[in-house]
Amino acid sequence: MIIETERLTLRPVELSDADNIKTNINNINISRYLTVVPFPYTDSDATWWVNNCVSGRDSSEKITFALLVKPSIEVVGHVSFYAINLINQTAEIGYWLGESYWRNGYISEAVRAILPYGFQELDLRRLTIRVFAENQASAMLAEKLGFKFEGLLRQAVRCRATSKIHDEKIYGLLREEWLDSSKTNL
């Protein structure tokens, strides 16, 4: 599945994306806010991740979109649904973006673009975004997208890149909240 916005193309990850992914994610300013991404990020890390995305396409537990800024064909980030539970109709949203693309609204645009897919195509009733407590940019993004702060999990995760333990903020968005905000934004 390919999702187009005014400025972005969101498409399935391809085997040829490994070099672009490594180039854009191999940055401590990115990996310090991600749980499982190592630093430094090696060729083998990129190859493993791309292969995992490609082989997992048929999985009902994770859907990952490569993020490309038009008209480029370079992958500069990703946005995904993970921990998808179709019985409970829930999933989490994860994302990252190469640092040179920050502060342009690309992740906000990408997440907004996948919300209809999550709530309508996957028939989810609830989405969650988890952010390290000190990651103010991601917390503000979640709130801007209409996600509600639901709580703080103390010492919840260890960052692989830094080995530090972090508190984690939890944000949630229900389908009816998204539908209500969609109506007012028309």
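So, overall size: for 186 residues, a compact globule would have a radius of gyration near 16 Å, and this protein comes out at 16 Å, so the two agree. Keep in mind that we're looking at a predicted model. If you draw a box along the principal axes, the C-alpha atoms fill roughly 45 × 40 × 35 Å. Of the 186 residues, 47% are buried. And if you take contacts with a separation of 6 or more, 62% of them join residues 24 or more positions apart.

Okay, the fold. We've got six helices and eight strands, and along the sequence they run β-β-α-α-α-β-β-β-α-β-α-β-β-α.

Let's zoom in on helix α1, residues 18–25. Which of its residues are buried? That's Ala18, Ile21, Asn24 and Ile25. They span an arc of only 140° around the axis, so they end up on the same side of α1. Flip to the face turned away from that buried side, and you find Asp19 and Thr23, both exposed. And what do the buried residues of α1 pack against? Two helices, α2 (28–31) and α3 (43–55), plus two strands, β4 (75–85) and β5 (90–97).

Last stop, the largest pocket. There's about 1,400 Å³ of space in there. It's lined by 49 residues, and the ones closest to the centre are Tyr33, Leu34, Gly94, Tyr95 and Trp96. Which element gives the largest share of that lining? Helix α5, residues 136–144, with six residues. As for the chemistry, the lining splits into 27 nonpolar, 13 polar and nine charged residues.

Technical notes. Residues numbered from 1 in each chain as written. Predicted model: local features only at pLDDT ≥ 70, side-chain atom pairs only at ≥ 80, totals over all residues. Heavy atoms only, no water. Buried < 20%, exposed > 50% of the residue type's maximum accessible area, 1.4 Å probe, protein only. Helix = DSSP H or I, 4+ residues; strand = E, 2+ residues; numbered from the N terminus. Arc of directions from axis to C-beta. Contact = heavy atoms within 4.5 Å. 1 Å grid on protein atoms, 1.4 Å probe; cavity = no way out; pocket = protein on both sides within 12 Å on 5 of 7 lines; lining within 4 Å. Points joined across faces, edges and corners; volume = space filled by probe spheres on them. Nonpolar A, V, L, I, M, F, W, Y, C, P; charged D, E, K, R; others polar. Rg over C-alpha atoms; globule rule 2.2 N^0.38 Å.
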